[in-house]
Amino acid sequence: MHVTVIGAGSMGHGIAQVSAQAGHTVSLNDVDEERVDAGLESIEANLQGGVDRGKVTPEERDATLERITGEPSLPEAVSDADLVVEAVPEDVDLKQSVFEQVEEHADEGTIVGTNTSSLSVTEIASALDDPSRAIGLHFFNPPHLMDLVEIVVAEQTVSDVEERAVEYVEGLDKEAVVVHDSAGFASSRLGLVLGLEAIRMVESGVASVEDIDTAMEEGYNHPMGPLELTDLVGLDVRLDIAEYLREELGERFRPPQLLKKKVRAGKLGKKSGEGFYVWEDGEAVRPSGEGE
């Protein structure tokens, strides 16, 4: 299958990587060649890291890279794609614009997927003349390490598209869960509740950042605490999702003031070097404010 990924950032290049590792031919697209090249470099670095850890053979690395082509022209990238997955920022208007461009240049049978983590797939799909081909494919960050993909069925999605999406995800050797389109789906809705409550606990002095995370890791067997996960996702992303779910589902998703304060200060988590933790070389080295 030919898979095109639009958006070469952290999610997009990860989706491109796992698709190529599964044997698909992949086109990676973004608004300019510089961003495409950065995405390709990140894929190569991820694969080399896998080689260094003994998880990927040098032959698998090379074969994966051979299957991926960088293509800054969207019309060229989608022209013969069987599946297009957009992984652009969480903005309905932007995603709808991308869908419209894809439909203009892709074949009639091309599935059009969105990697949104919380926005309405039904609304995004409404930009298409044929919204029955749309599906939500919510990968988790980072896609090359996380096993779950949430398949979100829009109101317009036909059963054949759903079945093909499940087949694609299972072919990546990932776990597919199918949910019907609703605000926050299943994973973002549940994960956000936990993350927001953890922030409120820090805000009110219940426990330290580190102890809250340790409680969930050791007591509930979570691979990562909710505050470190918030840093990984991005505090600005979490805030946007919280505001959206508050509007859609009510006050229980009201974002804490501490979250707003950190976002205003530019403390966005891993990508900015500081959030609830200080990050160095991609690792959380200490809680923010400690050891400074």
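Me: Contact means heavy atoms within 4.5 Å of each other. With that in hand, which strands does helix H1 lie across?

Reply: Happy to help! This is a predicted model, where local features need pLDDT of at least 70 and side-chain atom pairs pLDDT 80 or more, while totals for chains, interfaces and linings use all residues. Residues are numbered from 1 along each chain as its sequence is written, and side-chain values use heavy atoms, leaving out hydrogens and water. Helix H1 spans residues 10-21 (helices are DSSP runs of H or I with at least four residues, strands E runs with at least two, numbered from the N terminus), and the strands it lies across are E1 (2-6), E2 (25-29), E3, E4 (83-86) and E6.

Me: Which strands does helix H2 touch?

Reply: Helix H2 covers residues 33-52 and packs on the sheet. There, the strands touched by H2 are E2 and E3.

Me: Which strands stand at the edges of the sheet?

Reply: Eight strands make up an open sheet with mixed pairing, in the order E3-E2-E1-E4-E5-E6-E7-E8; two strands pair if DSSP finds at least two bridges between them. An edge strand here has a single partner, so one side of it is left without a neighbour in the sheet. That describes E3 (68-70) and E8 (175-180).

Me: Which residue in E7 stands opposite Phe 139?

Reply: Strand E6 (residues 134-139) pairs with strand E7 (residues 148-153) in the antiparallel sense, over four bridges. Across from Phe 139, in E7, is Val 149.

Me: How many salt bridges does the structure hold?

Reply: A salt bridge puts a side-chain nitrogen of Lys or Arg within 4 Å of a carboxyl oxygen of Asp or Glu. One example joins Arg 61 and Asp 62, at 3.0 Å from N to O. For the structure, the count is twelve.

Me: Is Arg 61 buried or exposed?

Reply: Buried means under 20% relative accessible area, exposed over 50%, and partly exposed in between (1.4 Å probe, protein chains only). Its salt-bridge partner Asp 62 is partly exposed at 35%. Arg 61 has 17% relative accessibility, so Arg 61 counts as buried.

Me: Which residues are linked in a network of salt bridges with Glu 243?

Reply: Glu 243 meets Arg 246 at 3.9 Å, N to O, and both lie in helix H11 (residues 235-249), three residues apart, about one turn of the helix. Glu 251 and Arg 254 also form a salt bridge, with their closest N and O atoms 2.6 Å apart. Glu 251 is partly exposed at 46%, as is Arg 254 at 40%. The network links Glu 243 with Arg 246, Glu 251 and Arg 254.

Terms used
Axes are lines fitted to C-alpha atoms, for helices over the stretch in contact, and angles run from 0 to 180 degrees between N-to-C directions.
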